[in-house]
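Here are some worked exercises to try with the coordinates open. Have a go at each task before you read the solution.

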Amino acid sequence: MRGKPIQRILSWILCFTMLFGMLPGALAWSEDDPDTDAIEIAFFKLDPEAEVEKPTASNAVTDYEIEYSDDSIKKGTTGAGYDNGPFYLETAKAPVGSSVTISDIEIPEGTYRVDLIHKPNNNRASIECSLDKTEFQEINLTEKSGTKLDTTTLLNGNARESDDGKYYAMTLSESMTFDETTTHEFTATVTAEGVIVLYGLIFTPPAALTLDKDAIALDLLSAPTATVTATLGEGYEVLSWESDDEDIAAVKADDEDETSAVITATGVGETTITVTAENVDGDEKTKTVAVTVTKSDAITLSRSSLAFNLGESSDPATVTATYNSLFDNLTWESDNEDVATITAEGDTATITPIGQGSATITASVTRKDDPDETASATLEVTVEQINRIPITLKSDLSPKVLTLNAEQQYIRVA
């Protein structure tokens, strides 16, 4: 029986050592790469020498210097709170202008995204944050702002499942560069009265490999190419760009370090472009781009068909051609000039009916950079001659108008 409390103590120590150590490679909520080596700064953690079955605020210790502008705003003996697993830095209700400063934060040289972990509540303060001399936007701690975290996050790894979504990562800076490994100072200053509850900071370096596009749509005529750019983490270089189907899209790196590539449509369909990067240790990362290729019409006409009745009118009609800028030399042709003729003026043609029958009007263009490639669109023309003779019948009940077909094939009552 005496061994069980000791086991529980060791279990708690191990749990919180895992939760709150500066552990690279475990930031599961990283959107770009779950294996990103993030640096986690937990303001408070469990005292590794505390022989307790359950942590409380009095068991909290910190690796950093924490100073309050006024001791009256310090909550508890340590300034720490405890909530279902993680410890947090807490103040009593702090007036505007009061502040808390955490110093001796050591960050290795590099570029990072900086996130602040907090838990919103109605009695929270609004704060302005700064890291060294860099000031960030005001944060309203009452609002559920930033990225919602779940129980896979280190700072929330031991929270109850029902607490998912109560913790938020607010991005202070998308990109902050530290030229050398040294210590830094974080300050939160109250701008609207309330309680401060902060869990820690996350410093996330760029993912090993990211792309500026994950999908592109190309058109063989109107948009045949697109450029994709890769961003690499420290120590990584691009090994290759590959297309799953070069009959649909080809890819070629267009700079010396191959961090960007031009994707060119070669056929209609769908394929995938894969880029692979590797570091000096042989660790490979891959990202893909989904490519969809279509082909728009090189030339279209404002009409697809025309019907004339010479018995009513022989007035001509017009049709307009619209074609891709890669093409020119527009020509018009009628395959039956006994039925319809063409008078062209620029991109517009006038179609004149001549006699009964059908004809196909074809508009053709030639590709500027390849005279052997042509494209065309057609218009179907039908010409009839129906003469209608109205006949009025005298009737005391109801007058009727009869339409007599000129060829005397039928009589239609209108």
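Is Phe 43 buried or exposed? Work that out, then follow its ring to a partner.

**Exercise 1: a stacked pair**

Keep in mind that this is a predicted model.

Step 1. Start with accessibility: Phe 43 comes out at 0% relative accessibility. The cut-off for buried is under 20%, so Phe 43 counts as buried.

Step 2. Next, the rings. The whole structure holds 6 aromatic pairs. Phe 43 and Phe 186 make up a stacked one, with 6.1 Å from centre to centre and 25 degrees between the planes. Planes under 30 degrees apart count as stacked, so 25 degrees earns that label.

Step 3. Now place the partners along the chain. Phe 43 sits in the loop between strand 1 (39-42) and strand 2 (45-46), while Phe 186 belongs to strand 13. They are 143 residues apart, and the pair links distant parts of the chain.

Step 4. Check the other ring too: Phe 186 has a relative accessible area of 1%, so Phe 186 is buried.

**Exercise 2: an edge-to-face pair**

Take Tyr 88 and Tyr 199: what kind of aromatic pair do they form?

Step 1. Get the geometry. The ring centres of Tyr 88 and Tyr 199 are 5.4 Å apart and the planes make an angle of 70 degrees. An angle over 60 counts as edge-to-face, so that is the class of this pair.

Step 2. Find the strands. Tyr 88 is in strand 6 (residues 87-90) and Tyr 199 in strand 14 (residues 197-204). With the two positions 111 residues apart, this pair also links distant parts of the chain.

Step 3. Look at cover. Tyr 88 is buried at 12% relative accessible area, and Tyr 199 is buried at 0%.

Step 4. Round off the aromatics with a cluster: Tyr 112, Phe 178 and Phe 203 form a single one.

**Exercise 3: salt bridges and their surroundings**

How many salt bridges does a search of the whole structure find? Pick out some and describe how covered the partners are.

Step 1. The search turns up 8 salt bridges. As background, side chains of opposite charge can pair when their charged atoms come close.

Step 2. Arg 113 and Asp 115 are bridged, with the closest N and O atoms 2.8 Å apart. Here Arg 113 is buried at 14% relative accessibility, and Asp 115 is buried at 0%.

Step 3. Lys 285 bridges to Asp 283, with 3.9 Å between the closest N and O atoms. The cut-off is within 4 Å, so this contact counts. Lys 285 is buried at 15% relative accessibility, whereas Asp 283 is partly exposed at 30%.

Step 4. Arg 367 and Asp 369 meet at 2.8 Å, N to O. Arg 367 is buried, with 17% relative accessible area, but Asp 369 is exposed at 58%. Shared partners join Arg 367, Asp 369 and Glu 373 into one network of salt bridges.

**Exercise 4: a charged patch and an unusual phi**

Which residues gather in a patch of negative charge on the surface? Zoom in on two of them and check a backbone angle.

Step 1. The patch brings together Glu 65, Glu 67, Asp 104, Asp 132 and Glu 185.

Step 2. Glu 185 lies in strand 13 (residues 182-192) and is partly exposed, at 40% relative accessible area.

Step 3. Asp 132 occupies the loop between strand 9 (126-131) and strand 10 (134-140). At 39% relative accessibility, Asp 132 is partly exposed.

Step 4. Now the backbone. Most residues other than glycine have a negative phi. Asp 132 has a positive phi of about 55 degrees, although it is not a glycine.

Step 5. Asn 329, in strand 26 (residues 327-334), likewise has a positive phi, near 55 degrees. Asn 329 counts as exposed, with 53% relative accessibility.

**Exercise 5: a contact across the sequence**

How many residues apart in sequence are Val 365 and Thr 331, and what is their C-alpha distance in space?

Step 1. Locate Val 365 in strand 29 (residues 357-367). At 1% relative accessibility, Val 365 is buried.

Step 2. Compare the separations: Val 365 and Thr 331 are 34 residues apart in sequence, and their C-alpha atoms are 6.6 Å apart.

Technical notes:
Residues numbered from 1 in each chain as written. Predicted model: local features only at pLDDT ≥ 70, side-chain atom pairs only at ≥ 80, totals over all residues. Heavy atoms only, no water. Salt bridge = Lys/Arg side-chain N within 4 Å of Asp/Glu carboxyl O. Buried < 20%, exposed > 50% of the residue type's maximum accessible area, 1.4 Å probe, protein only. Patch = residues over 30% accessible without salt bridge, like charges linked within 9 Å, V, L, I, M, F, W, Y side chains within 5 Å. Areas by Shrake-Rupley, 256 points an atom, 1.4 Å probe, with all protein chains shown as cover. Lys, Arg positive; Asp, Glu negative; His and termini not counted. Charge placed at Lys NZ, Arg CZ, Asp CG, Glu CD. Helix = DSSP H or I, 4+ residues; strand = E, 2+ residues; numbered from the N terminus. Phe/Tyr/Trp six-rings, centres within 6.5 Å; stacked < 30°, edge-to-face > 60°.
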